[in-house]
Structures are given as structure tokens and as C-alpha cells.
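User: I'd like a close look at one part of this model, please. Keep it friendly, since I'm new to this.

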Amino acid sequence: MPATPLIAYAHVGKSFDNGRVVAVDDVSLDVAEGEFLAVVGGSGSGKTTLLRLANRLIEADRGRIAVEGEDVSRIDPILLRRRIGYVFQSGGLFPHLTVADNVGITPKLLGWPQAEISARVDELLDLVRLDRAQHRDRLPHELSGGQRQRVGVARALAAKPRIVLMDEPFGALDPLTRDALGDDYRTLHRELGLTTVMITHDMTEALLLADRIAVMRGGKLLALGTPAELAANTDAYVGELLRTPRRQAERLGALLPRDGTA
Amino acid sequence: MSDPRWSEALAHLPDYLGNHVRVSVAALALGLLISLPLALIARNRPVLRGTLLGLASIVQTVPGLALLALFYPLLLALTALTATWLGFSFSAFGFLPAVLALALYSMLPVLRNTITGLSGVDPAVLEAAQGVGMTPRQSLTMVELPLALPVMMAGIRTAAVWVIGTATLSTPIGQTSLGNYIFAGLQTQNWVFVLFGCFAAAVLALVVDQLLALIENGLRNRSRVRTALGGLGIAALIAATLVPAIARQQARYVVGAKTFTEQYVLSALMAQRLQAAGLPTTTRAGLGSNVIFDALAAGDIDVYVDYSGTLWANQFHHTDIRPRAELLGELKTTLAKQDITLFGELGFENAYALVMPKKRAEELGIHSIADLASHAATMSIAGDYEIFSRPEWAGIQKAYGLTFRAQRQMQPDFMYAAVASGEVDVIAGYTSDGLIAKYDLVALADDRHAIPPYDAIVLLSPKRRDDEVLKAALRPLLDKIGIAEMREANLRASGNDASSSPDAVARWLWEKVGGK
């Protein structure tokens with residue numbers, strides 16, 4: 001593990017409704033450069049809050065969060081968000097803007113020249129494997145769910161961030177699209193040397209894509225580790241989360257024996 | 001189309017339509033200028049939002065005519081204040097009060113739709129705007145407003161149609177509009193004018209609505225062509241009404257007229273005389289009784305005909321009644337203090353009179369108002385919109401102890417038919433009205449002199465005090481119009497044919513009183 005983590009949470013806490021609801025409770029967590037971290041938990045576990053604390057979509061009550069070594073509370077939140085990619089649940093695209101304008105939005109906010117933005121948009125459409133000519137000038141409602149999410153990924157990468165935050169990015173997609181998109185993103189993550197934090201409620205997806213997995217429950221960080229480390233964890237809730245992927249793997253292994261030998 | 005009233009109506013169209021478009025556009029622009037920022041400020045403040053929408057709704061429940069009429073005294077008070085404290089004054093007449101009242105009227109749909117449109121933006125999209133690094137202002141201009149625009153445009157369309165429709169009611173406060181057709185037509189029973197005015201206003205509203213719909217459609221479907229076409233259409237409409245107005249900018253004489261037939265005829269007569277003397281002249285007809293005097297004093301109109309008793313009782317609040325010469329002398333002095341010239345009398349009197357069918361009066365043995373008093377408790381009376389609230393009415397009631405079973409207000413031209421048919425028993429009519437003879441009615445004698453004299457008098461505004469050309473043009477009318485001529489002129493004007501337009505009757509009257 002490298003010396004300076006790219007994202008560092010230290011004793012971070014956040015509560016809502018004047019302290020009645022504790023969303024994140026004393027969480028400390030480092031994300032190393034180049035790492036792909038999945039944060040898994042049920043609804044209300046605090047996983048989305050934890051993610052949004054990193055680019056100050058939500059402000060922390062307690063503790064310290066550092067991004068690229070800098071305390072985020074000392075960075076202008078607008079500038080902070082422009083240098084961190086963010087992929088929203090089901091895309092979060094601007095319905096009145098074309099694919100090209102959606103993808104180019106952060107560079108535009110950063111004041112890039114128009115020609116440079118245009119070239120970057122083409123490059124990104126290639127990266128997320130969308131045909132330029134066919135999709136550039138379309139509006140989001142003219143795209144399929146998978147295509148929308150590809151545009152969402154392209155938009156997050158537009159301003160060449162080192163960090164990408166993803167909020168259940170593939171949750172609303174059909175299994176095939178989801179699998180293809182997950183694989184494609186994993187490739188991008190590796191090739192571009194990104195540091196990714198992905199929220200998901202699907203342990204199987206987390207196991208397949210992430211280097212390490214953080215398990216959240218009731219605002220607390222319950223477990224953190226590689227799939228193998230998690231498998232060795234004795235916590236009942238962690239065991240429960242792993243039961244479904246295990247059973248699926250066993251049954252699929254039994255049902256599709258040739259796949260296992262390929 | 002062979003009816004000359006159509007061509008007369010058409011001749012007024014550039015003036016009336018141009019003014020109508022100008023006042024509507026100005027009102028709508030002002031309304032938007034106020035409503036849009038207010039909506040932006042209020043959208044995230046529930047208390048302010050509720051208050052604003054509540055106030056705008058209350059404004060909407062005020063009848064358009066009343067709202068317009070209220071702005072006149074308000075501005076009059078304001079201009080008096082600025083004149084005292086800031087050393088300048090402005091015209092409280094016509095354009096300004098009309099624009100302010102109509103702007104207020106346009107606010108509800110714009111406020112409501114802007115707030116609804118903005119609050120209808122998907123929260124996920126707002127989150128995304130924040131997430132990609134937009135400032136709150138960028139989020140508003142790049143995301144929220146564009147997404148809310150179709151809903152906002154729908155509100156603007158509603159406001160535009162309301163404003164164009166309600167602008168027809170700005171005629172009585174001195175703003176020329178398509179309402180001039182409607183008010184003049186109603187007063188002189190010129191149904192061609194009424195229809196023409198309604199039709200023109202409806203067509204204008206439809207055209208503007210469709211142009212705005214085109215813009216809305218363009219915005220909704222992100223079609224620049226449609227948006228641009230709609231915008232061009234609106235711009236062309238405004239330009240078309242501005243060009244003639246700019247070309248016509250010159251010193252003009254304005255003749256005022258109140259809201260009844262005789263006034264339309266007399267203002268047309270005076271306008272014809274001024275034009276014959278080479279003075280460019282327009283008329284502002286259909287002005288309210290209280291508006292017209294203030295408009296003269298402020299110089300918004302130059303000349304009009306009023307009645308001595310009306311000024312005596314209503315403008316100067318006298319409750320005593322003087323003999324006619326004494327009253328005129330006193331009036332002249334009082335008016336001079338306000339720098340208003342009582343130029344002279346026309347020669348006839350148009351007094352209020354209690355009028356009933358001759359036959360019925362004879363049956364009941366009623367010859368005077370005193371005779372009527374014993375029957376009044378079982379009778380109903382009709383009058384115009386002002387009489388029952390005027391001080392003269394209180395004077396009559398007091399002098400004769402009159403109490404009627406019922407009081408009704410109606411359009412003056414309909415009263416005579418109503419009393420002739422027995423719909424009501426008595427009416428408060430006008431002695432110069434030709435319909436008294438036409439329907440075989442009788443005006444009851446006022447033995448106790450409770451009704452003041454109502455000599456028709458010509459009043460000149462302060463700035464025309466020494467205007468000899470104007471005076472020379474109007475002098476031939478003084479002391480020339482007798483009650484018989486005026487009655488016949490009024491009767492002619494209340495007809496419903498080509499020769500009954502105020503202009504035609506005015507020409508007839510001019511020949512009758514010794515013109516060429």
C-alpha cells in the first residue's frame with residue numbers, strides 16, 4: 001500500500017435531522033492511488049453519504065477528509081467537484097443537452113476552448129465505445145439505459161480526473177448490459193490509472209470489479225478488505241452478504257461445468 | 001361592407017390597434033421584469049412564495065376595470081408628491097396607469113408557472129449539476145431555467161392573452177385601445193363598432209398566443225427555427241405598431257369626452273372644428289367623469305364639455321343650489337384658480353330629470369317630483385352608473401322625501417326603453433336626450449329647485465388658456481346649440497345606422513347651427 005492515500009477519511013461523522021439520524025459514524029478509511037474500492041451496504045447504511053462527503057456534496061460534521069493529500073474543507077467545493085469525476089445513479093444526464101454537451105460540461109465549466117472540448121468529447125465517446133457520428137448530437141431520452149450510463153461515465157472522465165466516484169452506477173441496468181459496462185469500466189480504470197470508489201448494494205458486482213470492499217452497516221465501517229480477506233471475516237452480517245454470491249457461484253458451477261474449465 | 005361604419009372603424013384601426021399593442025407589450029414586459037426575479041427569489045422560500053402567490057391571486061379577483069380605475073387616483077397622488085418633493089411631475093393619465101395595472105394583472109400566471117416550472121425540475125438532475133461542478137448560478141442558468149422554460153412560456157402565454165383582453169378596459173382611464181370601439185359602440189348603439197372592437201381584440205390575442213406557442217414549441221422541442229420564427233413574429237408586430245407612432249410624433253390637440261352619446265357627438269364636433277382650423281387633433285373618448293376633469297387640469301387633454309351642476313356638486317362639493325348665472329360666475333372664478341378656462345356655454349342644458357311615460361303620469365296625476373313622492377314607495381327607478389352616488393341625488397331625495405321600492409343601474413341608452421316598456425316605473429334621465437320625445441315620456445317638474453342647473457360649458461386646459469387659434473376655432477359653437485338641436489342630434493346618434501356615427505351627427509349639427 002503506497003504511503004499517501006488519494007482519499008483519506010479519518011474519524012469522519014455525519015448526522016442529519018439535528019443529530020437524530022446518524023448516517024456516518026466515526027469512519028476511517030484510506031483509498032490508495034489506482035485502487036478500485038467498492039462500498040457495499042443496505043439502504044440507510046450510510047454508503048452514499050460517505051461517498052458524497054469526498055467531493056463535499058455533503059459536508060462532514062466531524063473528522064477530516066483529505067483528497068490528494070489536501071483537506072477538502074480548505075478547497076472550494078466547486079473546484080473540488082470539477083476535478084473529481086462523479087457517475088450518478090441511472091446517468092443523471094441533463095435532459096435538455098445533447099450527448100456531446102453533457103460529456104463536455106465540466107471542461108466547459110473549466111473554461112476549455114471549444115475545439116479542445118470537442119476533440120475530448122470524441123475521444124471519450126470512443127473510450128466508452130459509443131459511435132461518435134451516431135450519438136454525438138442525440139438527446140438523453142433517445143438513448144437506451146446502457147448508452148445513457150456510458151455517457152454518464154464519459155462525462156465523469158471528461159476533465160481528466162484522477163478520482164472517480166460512482167453512485168450505484170449500474171444498478172438500474174439489465175444484467176447483460178451491466179456486466180459489459182462493468183467490464184469496460186474496469187478496463188478504463190486500469191488503463192487510465194484511475195482511483196475509483198463505487199457504491200453498490202450488490203455484493204457480486206463488488207467482488208467482480210473491486211480490489212477491496214468496504215462493508216457499511218448503520219453508519220459504521222463493518223469490514224474492509226480484499227475478497228479473500230472478507231471471506232475470512234467472522235462477522236455474521238459480512239457472512240450473510242457473501243452467502244448469495246457463494247451460492248450463485250456454486251450453482252452456476254454445477255449448472256455450467258464447461259465454463260469453469262475454459 | 002357597404003356600410004360606411006365599417007370603413008370608419010377600419011380608419012381608426014392603426015391608431016387603436018397600435019396603442020393597444022403598445023400598452024399590452026409594455027405591460028407584459030414590465031410584468032415579466034417584476035415577476036421573473038420575484039419567482040426566482042421566492043422559489044426556495046415557502047413563506048414568501050405563499051405570500052406572493054396569494055397577493056397575485058387577490059389582484060386577479062379585482063375586476064379589471066376597477067383595477068385600472070384605481071391606478072389613476074393612486075398615480076395622481078404620487079405625481080402630486082413628486083411635484084412637491086422632487087420638483088417633477090408625470091402624467092397620471094392613460095398609458096402609465098394602464099401599463100401598471102395590466103402589469104400587475106399579468107403577474108399571477110407568470111409567477112405561478114415559473115415557480116412550478118422550477119420546482120418541477122428532477123432533483124437527480126439538480127444533484128448532477130452540483131456534482132459536475134456548477135455554481136448555484138450556473139445550475140440556474142444552464143440547467144434549471146432551460147428545463148423550466150416550456151412551463152414558464154405557458155404562463156407567459158396566459159398572461160399575454162389576459163393582458164390583451166383586459167387592455168380593452170383601459171379606455172376609461174384615457175389609454176386609447178381597441179376598447180375605444182367597444183365603449184363608443186355601446187354608448188352610441190353602434191354595434192358595428194362593438195363587434196369590430198371585440199373581433200380585433202380577439203384576433204390580436206390569438207395571433208400573439210400562437211406566436212408565443214410557436215416559441216414555446218420551439219423551446220420544448222429544441223428547435224431554433226421555430227423559436228426564432230415566433231420571436232420574429234412578435235418583433236414584427238411591435239415594430240409595425242411603433243413605426244406609425246414615431247412618424248406621427250407631433251404636437252396635438254386632444255379633445256376629451258365622457259362616456260355618453262352627447263359627449264361623443266360634441267367631442268367629434270369640436271375635433272372637426274379644430275381640424276378645420278388646421279390644428280392636428282385627436283379625441284380621447286369614453287373617459288370617466290372624475291378622470292376627465294383631472295386629465296384637463298393636468299393638461300393630458302386640452303378641451304372638453306362639462307356641465308355646470310356636475311362640476312358644482314361633484315368637483316367642488318357644494319350642497320347649496322344657486323341660480324344659474326350666479327353659479328356660472330362662481331364656477332368661472334373657482335376654475336380660474338386652477339388655471340382652467342371656462343371658455344363659454346354651448347347654449348343648452350343637460351340636466352338630470354326624473355322621467356316617466358307621459359300616459360302613466362297623467363293617469364296617476366303626476367306632474368312634478370312632489371306628486372311622485374307619494375307613489376315612490378311602490379315604484380322602481382333606474383339611473384346611470386353615477387346618479388345614485390352623486391350629491392345631487394341625495395339633494396333630490398331630501399327635498400322631496402323620495403324613497404323608491406327599488407333602484408337599478410343601467411346603461412343610459414337602455415333606460416328609456418326600459419321605462420317605456422314598464423320594466424321600471426321612473427328613470428333618472430337627461431333633459432337633452434332625444435329619446436324622451438321618441439318614447440313619449442315626460443320629465444317631471446322640479447318645483448323646489450333641488451336639481452342644479454346643468455349648462456353645457458366648454459373648458460380649456462391651463463396650457464391652452466391663451467391659445468387664440470383654438471379659441472377662434474371653437475367660438476362659433478358658443479351659445480349656438482339649443483336644447484332642440486342637441487336633442488335631435490342625440491336622437492340621431494342613438495340610431496343604429498350609417499348616419500348615426502358621432503362624426504356624421506357632428507357634421508349634421510354643425511350645418512344646423514350655422515356652419516357652411
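In what sense, parallel or antiparallel, do strand S6 (residues 380–383) of chain B and strand S7 (residues 406–409) of chain B pair, and over how many bridges?

Analyst: Happy to walk you through it. First, the ground rules: this is a predicted model, where local features need pLDDT of at least 70, side-chain atom pairs count only at pLDDT 80 or more, and totals for chains, interfaces and linings use all residues. Residues are numbered from 1 along each chain as its sequence is written, while chains are lettered from A and ligands numbered from 1 in the order in which they are written.

Now your pair. S6(B) and S7(B) run in the parallel sense, joined over four bridges. Strands here are DSSP runs of E with at least two residues, helices are runs of H or I with at least four, and both are numbered from the N terminus. Two strands pair if DSSP finds at least two bridges between them. To find the spot on screen, look for B:Ala382, which stands opposite B:Arg408 in S7(B).

How does the chain get from S6(B) to S7(B)? It passes through helix H16 (residues 391–400) of chain B, and this β-α-β crossover is right-handed. That word has a neat test: with the strands pointing away from you, the path from the first strand over the helix to the second runs clockwise.

S6(B) also pairs with strand S8 (residues 426–430) of chain B; these two run parallel and are joined by two bridges. Here B:Ile381 stands opposite B:Val426.

Let's stay with S8(B) for a moment. Strand S5 (residues 352–357) of chain B joins S8(B) too, through four bridges, but that pair runs antiparallel. In this pairing, B:Leu354 has B:Ala428 as its bridge partner.

S8(B) is mostly covered, with five of its five residues buried. Buried is a matter of counting: 20 or more other C-beta atoms lie within 10 Å of the residue's own (12 or fewer makes it exposed, and in between it is partly exposed), with C-beta atoms placed from the backbone. B:Val426, B:Ala428 and B:Tyr430 point one way from the strand, B:Ile427 and B:Gly429 point the other way, and all are buried.

For another parallel pair, hop over to chain A. Strand S3 (residues 36–40) of chain A and strand S8 (residues 195–200) of chain A pair in the parallel sense over five bridges. There, A:Leu37 sits opposite A:Val197 in S8(A).
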